[in-house]
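Me: Could you walk me through this structure with a few questions and answers? I would like to start with how the chains meet.

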Amino acid sequence: MKVKVLFFAGLREALGVAAEAVDVPAGIVQVGALRDWLAARGEPWPALATAKNLRVAVNQHMVGLDAPLNSGDEIAFFPPVTGG
Amino acid sequence: MQDGFSVSVQEADFDAGAEIARLVAGREDIGATASFIGYVRADKVHAAAAEKVVAMTLEHYPGMTEQALTDIVEAAQGRWPLVAVRVIHRVGRLEPGAQIVFVAVAAAHRGEAFAACEFIMDYLKTRAPFWKKEETPAGGHWVEARESDDQATARWAGR
């Protein structure tokens with residue numbers, strides 16, 4: 001299953017990547033599992049698992065880590081927002 | 001969005017007076033506008049270090065940001081009878097004293113104008129995907145989210 005993964009702010013800097021096209025292995029069907037799989041790829045990826053109060057959006061809507069994944073989804077990981 | 005309701009994410013500065021004038025132009029059903037402007041502050045509140053903030057850079061999530069702001073304005077419309085709303089949030093590098101965010105609400109009466117303006121700002125602070133990076137003489141760092149902002153949003157849930 002192919003998805004697009006985005007990272008923002010401090011997380012983008014820690015990981016050194018803003019966007020990535022990812023082919024997700026079968027069996028990974030939720031956002032939380034995707035995060036764990038990405039985080040297991042060696043340095044610097046564990047930062048994704050240890051990020052405090054990690055927020056996630058699927059197709060530009062905030063969701064929980066139990067949200068389902070579908071082919072073609074845009075999944076964004078980011079720290080709590082600080083606008084305004 | 002419905003006529004009279006709009007959101008913008010932009011690098012350019014804004015003229016609050018002109019924005020409010022546009023909101024009420026040609027209308028006779030508006031009895032009140034309430035507005036809010038947020039500014040870049042030079043002092044340091046998120047860390048013990050005493051360095052002054054020389055600038056901050058606002059990052060956002062293009063596409064989602066506009067959608068999130070639209071959702072927030074529509075949630076406000078669902079709570080109060082509003083005539084018009086304008087939200088502007090700047091991105092990019094801003095120096096102390098610069099305007100960052102503008103919210104203006106027009107309604108028949110002041111009660112809903114005040115309440116909706118505060119509601120929109122409270123939700124914007126915790127739901128709209130913007131991130132601030134402060135620049136000081138010692139280097140840059142990302143601003144941490146404040147729990148008080150989550151509490152400010154949460155208090156609307158019971159109302």
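Me: How many residue pairs are in polar contact between chain A and chain B?
Reply: Happy to help; do keep in mind that this is a predicted model. The contact draws on 21 residues of chain A and 27 residues of chain B. Between these two chains, with both residues at pLDDT 80 or more, the count of residue pairs in polar contact is 15.

Me: Which element gives the most residues to the side of chain A that touches chain B?
Reply: Elements giving two or more residues to that side are β3 (55-58), β4 (61-63), β5 (74-78) and α1 (9-15) of chain A. By class, this side has 10 nonpolar, 6 polar and 5 charged residues. With 4 residues, the element that gives the most is α1(A).

Me: Which three residues supply 35% of the area that chain A buries against chain B?
Reply: The two chains bury about 1800 Å² between them, and 56% of it is on carbon and sulfur atoms. On the chain A side, 35% of the buried area comes from a trio that supplies more than any other three residues: V81(A), T82(A) and G84(A).

Me: Is E59(B), which meets R12(A) in a salt bridge, buried or exposed?
Reply: The rule finds 3 salt bridges across the interface of chain A and chain B. In the pair of E59(B) and R12(A), N and O are 2.4 Å apart, and the pair runs from strand β3 of chain B to helix α1 of chain A. R12(A) has 24% relative accessibility and so counts as partly exposed. E59(B) has a relative accessible area of 14%, and since the cut-off is under 20%, E59(B) is buried.

Me: Which residue of chain B forms a salt bridge with K52(A)?
Reply: This is a bridge between the chains, with the closest N and O atoms 3.4 Å apart. The partner of K52(A) is E144(B).

Me: Which element gives the most to the largest nonpolar core?
Reply: That core has 36 residues, and L69(B), W80(B) and I120(B) are among those with the most contacts inside it. Elements of chain B that each supply at least two of its residues include β1 (5-10), α2 (64-79) and α3 (110-127). With 9 residues, the element that gives the most is α3(B).

Me: Which of D36(A) and R35(A), which meet in a salt bridge, is buried?
Reply: Their side chains come to 3.2 Å, N to O. D36(A) counts as partly exposed because its relative accessibility is 42%. At a relative accessible area of 17%, the buried partner is R35(A).

Key. Residues are numbered from 1 along each chain as its sequence is written. Chains are lettered from A and ligands numbered from 1 in the order in which they are written. This is a predicted model: local features need pLDDT of at least 70, side-chain atom pairs count only at pLDDT 80 or more; totals for chains, interfaces and linings use all residues. Side-chain values use heavy atoms; hydrogens and water are left out. Contact means heavy atoms within 4.5 Å. Buried area is the accessible area (1.4 Å probe) that two parts lose on being put together, summed over both. A salt bridge is a side-chain nitrogen of Lys or Arg within 4 Å of a carboxyl oxygen of Asp or Glu. A polar contact is a pair of N or O atoms within 3.5 Å; within protein, one must be able to donate a hydrogen and the other to accept it, and residues adjacent in sequence count only if both atoms are side-chain atoms. Ala, Val, Leu, Ile, Met, Phe, Trp, Tyr, Cys and Pro count as nonpolar, Asp, Glu, Lys and Arg as charged, and the others, Gly among them, as polar. A nonpolar core is a set of buried Ala, Val, Leu, Ile, Met, Phe, Trp, Tyr and Cys residues joined through side-chain atoms within 4.5 Å. Buried means under 20% relative accessible area, exposed over 50%, partly exposed in between (1.4 Å probe, protein chains only).
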